[in-house]
Amino acid sequence: MNDDQRALSDITMLDLCDEKGQLMGKLMGDMGARVIKIEPPSGARARSIGPFLNDEDDPEYSLYFWANNTSKESITLNLESEGGQSIFRQLASKANVVLESFDPGYLSSLGLDYASLSADNPELIMTSLTGFGQDGPYRDYKTSDIVALAMGGVMHSCGYDDVPGSPPIRPSGGHGYMIGAHYALMGTLMALNWRDMTGEGQYVDASIHEACSCTTEAAMPQYMYNGDVVHRQTGRHHGVASTPKTLCATSDGKFVNVFAVFTSLHAWRTLVTWMDSEDMAEDLTDEKYLDMAAMRTRSGPEVSHAYDVLRRFIASHPADYIYRGSQERKFPWGVVRSPDETLDDPHLWERGFFEEVEHPEIGQSFVYPGRPYVFSKTPWQTRRAPLLGEHNKKVYGQDLGISDTELEGLVSSGVI
Amino acid sequence: MRKHALDGVRVVDFSWIVAGPTTTRMLADFGAEVIRIEYDQTLDYMRNTPSVGMGNSPNVSGTFNNLNRNKLGVTLNVMHPDGMELLRELISVSDIVVENFSSGVLSRWGLDYEEQRKIRPDVIYLSLSGFGHSGPDQHFTTWGPTAQALSGLTYMSGLPGEDPAGWGFSYMDHTAGYYGAMACMMALHHRNKTGEGQWLDLSQVESGIPLTGTAILEKTVNGRQYRQKGNPPGNRSPNPAVAPHNTYRCKGDDRWCVISIFDDQQWAAFVDALGTPDWATATRFATNESRVQHQDDLDMLIETWTTERTPHEAMHTLQAAGIAAGAVQTPKEKVDEDPQLRHRDFIRETVHAEMGNTRFEGQPMNLSKSPWELRLPSPLLGEHADYVYHQLLGTPDEEIARMAEEAVF
């Protein structure tokens with residue numbers, strides 16, 4: 001494949017991000033940008049986060065690192081050494097984008113803030129992703145994934161209404177950081193379009209707290225427009241008023257998520273006919289259940305009885321039967337799958353979603369989740385995450401013209 | 001004078017409900033001219049949730065206003081030949097077309113990508129559907145929670161041993177919308193470079209799956225299923241295995257804070273910030289490994305401290321000691337009290353013709369040269385017919401009157 005076909009093939013990026021922002025470089029690298037991840041000589045902290053290949057705690061074996069750092073190059077560089085700062089300035093003078101997620105003020109304490117880096121390279125775009133942004137009373141507050149999700153209001157909406165005394169729940173998997181990275185990447189791409197149009201670079205200051213704060217759907221407008229505060233409900237939308245539980249247990253120990261039961265008379269009749277064809281509609285064929293407007297108010301004995309009958313029907317079938325049967329009848333129901341159960345879905349394979357990624361140094365390739373979007377002309381292409389310092393020779397030797405002897409000196413003095 | 005990052009980009013926006021409008025909100029906030037095409041016989045559901053005390057107008061939904069600010073709006077009946085002709089004219093002068101219908105709808109209208117290209121050769125066409133436009137299940141449909149369930153995200157949220165807690169809102173409507181905006185902007189960059197447009201086929205289910213990447217690799221690399229004892233982990237942190245890391249009950253009704261400590265140095269600062277209570281100096285809490293082992297007791301003891309404090313008191317005390325702690329904030333606190341959001345001008349206001357002064361959540365990134373701007377509230381139904389049909393497309397006034405008569409829009 002010719003690299004030039006890829007959407008971002010003309011972009012070179014320096015990626016200084018830790019766990020907060022690493023996803024940005026991955027997403028741009030997978031679309032063709034050259035992403036140079038700059039790690040301290042001891043390696044990025046993400047390399048120490050498990051799980052690990054064969055449970056071996058080794059910086060090259062972190063599956064967390066692998067998943068979030070595909071399609072990057074890696075160099076080691078000690079930014080706190082003068083030699084390191086001078087090398088970084090050289091790299092930045094030729095780069096299009098710098099991504100960083102240090103505490104506010106850290107890079108400027110090293111003389112590596114946007115003003116000084118862009119003096120030599122006015123087209124440079126630099127994006128900073130931090131917990132709370134570059135200014136304001138919480139600027140120096142520490143963040144973590146759970147702090148981001150708590151402060152931004154995501155957790156206020158997530159949890160249980162039927163487990164007494166239970167706390168708000170953080171959806172696991174690192175979403176606070178991912179929400180921040182999604183926004184910071186959108187800001188970077190906006191800046192790229194501005195540069196394409198004007199030739200000017202700029203600085204992007206992105207806040208994870210604000211990113212989470214606008215990723216809570218109706219919670220904000222409910223308060224801003226109605227003065228209502230939503231409360232959390234098990235496995236379904238937050239609500240001002242309580243709504244019926246949509247998670248229904250299946251015969252194989254799973255759940256399906258059930259909606260749109262009373263959307264229209266046609267939908268209701270379709271559902272009752274399905275249950276009736278297996279003699280499981282009980283009395284739902286009765287016409288007292290046909291007033292959809294009343295049923296949609298979601299209270300009263302008819303509604304809870306209808307849900308009880310539906311739950312009994314679902315509980316006597318496996319999840320996949322209900323999922324496919326409901327979708328074929330135009331209901332937007334889904335199975336609550338564990339993440340690895342997506343690997344069993346033929347639809348995803350037929351669309352070419354999953355892909356094999358080679359790890360030549362291990363002599364194996366592994367199936368990775370693929371692209372979030374399919375571009376008709378500019379392909380997505382994934383390479384395994386880099387080994388620590390794998391591209392030192394390429395970047396320092398070929399790009400910057402540093403000789404092998406000089407390189408050895410930089411290694412022994414702890415610069416790289 | 002160019003002022004916004006996407007000035008000069010025009011978007012034909014068929015999208016509705018949440019996911020697609022999230023994509024076009026991003027584009028509109030940063031300056032694109034987004035023109036919503038609505039059908040007045042099948043309103044965007046979000047127009048059907050009027051704000052309290054505002055009557056039954058389609059123009060008074062707060063959720064709709066928040067999602068569709070900065071956009072223009074027209075109504076159009078694409079089943080009428082004149083309506084289709086207007087639409088084709090509009091596409092010919094636009095850069096991006098966005099829709100989040102089920103797959104197949106635009107083909108039935110005779111407007112699949114190949115047809116759009118004939119009208120506008122460098123068009124960027126984003127289709128945002130549940131399952132994408134190919135594959136055996138392409139006609140299945142999703143709501144946000146469906147996509148969350150199918151992509152594995154719902155299952156990963158909850159207390160061990162309980163039903164899934166999932167997400168309390170349509171997270172994948174937000175997130176698929178974000179990926180839609182990224183895709184449009186990457187495609188714009190490619191077009192800036194080469195002059196070439198393209199078709200972007202985004203499946204809401206697929207865009208959720210990479211967010212579980214580590215869990216999938218656990219299976220494909222180590223053969224280990226996610227469905228096992230201890231998963232999901234509640235509010236604790238098995239990877240990295242650190243403690244304390246949890247929610248803690250605070251003073252007040254159902255009030256909570258979170259505390260996350262990742263190493264022994266932070267633990268020492270934490271103990272100090274608590275005033276070095278006796279329990280905290282026990283040997284079983286001296287190292288991270290031992291704290292992880294005894295975290296049930298540890299969490300209970302920490303709660304004796306947090307229950308004496310409000311979530312914000314706990315947060316401020318611990319943050320002053322450099323600990324990553326936070327209040328589980330309510331929407332009211334975010335809007336009315338959060339001094340950081342206020343300092344950053346996160347909540348913006350503008351006047352809406354039917355609702356008066358209205359508030360909006362902001363954008364979380366400041367671009368130093370081409371910032372986002374709140375220019376307009378959401379469009380009233382059909383508000384910009386004159387601008388779009390007359391000024392932009394040059395349809396004569398008498399033709400517009402005739403079309404209005406014949407219910408073309």
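In what order do the strands of the open sheet of 7 strands run?

**View 1. An open sheet draws strands from chains A and B.** The model shown here and in the other views is predicted. The strand order is 3(A)-2(A)-1(A)-4(A)-5(A)-6(A)-14(B), and the pairing is mixed. Strand 3 (72–76) of chain A and strand 14 (365–367) of chain B form the edges, each pairing on one side only. From one strand to the next, the twist averages 20°.

**View 2. Strand 1 and strand 4 of chain A pair in the parallel sense.** Strand 1 covers residues 12–15 and strand 4 covers residues 97–100. They share 3 bridges. A:D15 stands opposite A:L99 of strand 4.

**View 3. Helix 1 and helix 15 of chain A pack on strands of chain A.** Helix 1 (residues 22–30) lies across strand 1, strand 2 (34–39), strand 3 and strand 4 of chain A. Helix 1 runs at about 150° to strand 2. Helix 15 (residues 392–399) touches strand 2 and strand 3 of chain A. The direction of helix 15 makes about 75° with that of strand 3.

**View 4. Chain B meets chain A.** On each side, 124 residues are in contact with the partner chain. Helix 7 (residues 171–194) of chain B gives the largest share of the chain B side, 15 residues. That side has 59 nonpolar, 48 polar and 17 charged residues. Strand 14 (residues 374–375) of chain A pairs with strand 6 (residues 198–203) of chain B in the antiparallel sense, over 2 bridges. The bridge partner of A:V374 is B:D201.

**View 5. The domain assignment splits chain B into domain 1 and domain 2.** Domain 1 takes 10–209 + 344–405, and domain 2 takes 256–327. Their C-alpha centres lie 45 Å apart.

**View 6. Cis peptide bonds precede A:P51 and B:P244.** Most peptide bonds are trans. The bond joining A:G50 and A:P51 is cis, with omega about 0°. A:P51 is in the loop between strand 2 and helix 2 (63–68) of chain A. The bond from B:A243 to B:P244 is also cis, with omega near 0°. B:P244 is in the loop between strand 8 (241–242) and strand 9 (245–249) of chain B.

**View 7. B:D254 and B:T276 have positive phi.** Most residues other than glycine have a negative phi. B:D254 has a phi of about 55°. B:D254 sits in the loop between strand 9 and strand 10 (256–260) of chain B. B:D254 is partly exposed, with 16 other C-beta atoms within 10 Å. For B:T276, phi is about 50°. B:T276 is in the loop between helix 10 (264–273) and helix 11 (288–293) of chain B. B:T276 counts as exposed because it has 10 C-beta neighbours inside 10 Å.

Terms used:
Residues numbered from 1 in each chain as written. Chains lettered and ligands numbered in written order. Predicted model: local features only at pLDDT ≥ 70, side-chain atom pairs only at ≥ 80, totals over all residues. Contact = placed C-beta atoms within 7 Å. Helix = DSSP H or I, 4+ residues; strand = E, 2+ residues; numbered from the N terminus. Nonpolar A, V, L, I, M, F, W, Y, C, P; charged D, E, K, R; others polar. Pairing = 2+ DSSP bridges. Axes fitted to C-alpha atoms, helices over the stretch in contact; angles between N-to-C directions. Domains from an automatic or database assignment. Buried ≥ 20, exposed ≤ 12 C-beta atoms within 10 Å, placed from the backbone.
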